[in-house]
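Open the model in your viewer and keep the sequence panel beside it. The stops below say what to select next and what is there.

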Amino acid sequence: MTTPPRVLTIAGSDSGGGAGIQADLKTMLALGVHGMSVIAAVTAQNSLGVQGYWELPPQAVRAQLDSVLSDIGAQAVKTGMLASSVLVETVAEALTDVDAPIVVDPVGVSKHGDPLLAPEAVGAVRGALLPLATVVTPNLWEVEQLTGVKVEDESGLRRAAEAVKELGPRWVLIKGGHLPGEPVDLLFDGTTEHRFLGRRLDNMHTHGTGCTLASAIASHLARGEDVVAAVGRAKEYVTGAIEHGFPLGGGIGPVDHAWEYHRAQPIARP
């Protein structure tokens, strides 16, 4: 039997199943890697928003990290919601000597605008976590939170990428989906830029998009793709997941992580 590539996610749990650890593991399964998890926080969350969250003790987060990395190892690591300065620093310390690509999704707020990172933790993300990142994947709000740069149109993406790159990651992927017009993301390594154009999809059910994209990038890196190819393939996967997002509860439903499977095996509905 062949062991698949292994990817470790370090993030918060989403009780509604659309984002966070749950989205990460679904993405990893869909893309053919073995997903492992370190839970940093637990949220009470549904399609309407985040009703509350509780951080795990730093020693519990560190114990999970040490347990997985000392025995199983990982071909890629993805970080998401880390909630507080002490958890950011705990995770960064544990990842310092990890010889694998690290994808950092600098989660600041939920899809509904609920805060998921303490304001005083932004400095820890900048100073401790981003210098370890192979790829960092901020949306436009997170760019402004990290750098103070506000992007209002596509012409501002390069300036945003340069500002984030100064914080130390090897590659920066600025997600421009909230800009007017057709969505475009900018991937930048300090010298060369790659633009990924997308389609504007008429579907409100997009919960978990950021988690899914970062996990898909990590999965393709674990499978041996270079950064540009990994981002391109991850974008294709998440575009399909958004297109097939479905209603759930009374608010914003999740993207469909199993959209390729469901396309081949349609769901029988009553």
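Select L8 and show what surrounds it in this predicted model. Apart from its neighbours within four places in sequence, L8 is in contact with M36, S37, V38, L65, V68, L69, A74, A76, V77 and K78. L8 also belongs to the largest nonpolar core, which has 53 residues. Add I10, L65, V77, L95, L157 and I174 to the selection: together with L8, these are the members that touch the most other members. Helix α3, residues 85-95, is the largest contributor to this core, with six residues. In soluble globular proteins, nonpolar side chains tend to be buried together.

Now select V7, V33, A216 and I242. These four are included in a second, separate core of 28 residues.

Stay with helix α3 and pick E93, which lies in it. Is E93 buried or exposed? Its relative accessibility is 54%, and since the cut-off for exposed is over 50%, E93 counts as exposed. For a distance check, draw a line from the C-alpha atom of E93 to that of V68: the two are 25 residues apart along the chain and separated by 15 Å.

Next, go to the loop between β4 (76-79) and α3, and select A83 there. A83 is not a glycine, yet its phi is positive, at about 75°. How much relative accessible area does A83 have? The value is 0%, so A83 is buried.

Switch to a cartoon view and look at the sheet. Nine strands form an open sheet with mixed pairing, in the order β3-β2-β1-β4-β5-β6-β7-β8-β9. Which strands stand at the edges? They are β3 (49-55) and β9 (193-197); each has a single partner strand, so one side of each is left without a neighbour in the sheet.

Within the sheet, select β5 (residues 102-104) and β6 (residues 135-136). This pair runs in the parallel sense and is joined over two bridges. Show V104 and look across to β6, where V136 stands opposite.

Then move to β8 (residues 184-188) and the edge strand β9. These two run antiparallel and are joined by five bridges. Pick V184 to find its bridge partner in β9, which is L197. The two strands form a hairpin with four residues between them. In the turn, select G190: its phi is positive, at about 100°.

Zoom out to the whole chain. Its secondary structure comes to nine helices and nine strands. The C-alpha atoms fill a box of roughly 50 × 45 × 40 Å along the principal axes. For 270 residues, a compact globule would have a radius of gyration near 18 Å, and the protein, at 17 Å, agrees with this. Of the 270 residues, 53% count as buried. Among contacts between residues at least 6 apart in sequence, 67% join residues at least 24 apart. Switch on the surface: the protein exposes about 11,900 Å², and carbon and sulfur atoms supply 53% of that area.

For the last selection, take residues 14-256. An unreviewed UniProt entry annotates this span as "domain: Pyridoxamine kinase/Phosphomethylpyrimidine kinase". Its end C-alpha atoms lie 15 Å apart, and the span is 38% helix and 19% strand.

Notes
Residues numbered from 1 in each chain as written. Predicted model: local features only at pLDDT ≥ 70, side-chain atom pairs only at ≥ 80, totals over all residues. Heavy atoms only, no water. UniProt positions renumbered as here; feature names shortened; annotations may be inferred. Core = buried A, V, L, I, M, F, W, Y, C linked by side-chain atoms within 4.5 Å. Buried < 20%, exposed > 50% of the residue type's maximum accessible area, 1.4 Å probe, protein only. Contact = heavy atoms within 4.5 Å. Rg over C-alpha atoms; globule rule 2.2 N^0.38 Å. Areas by Shrake-Rupley, 256 points an atom, 1.4 Å probe, with all protein chains shown as cover. Pairing = 2+ DSSP bridges.
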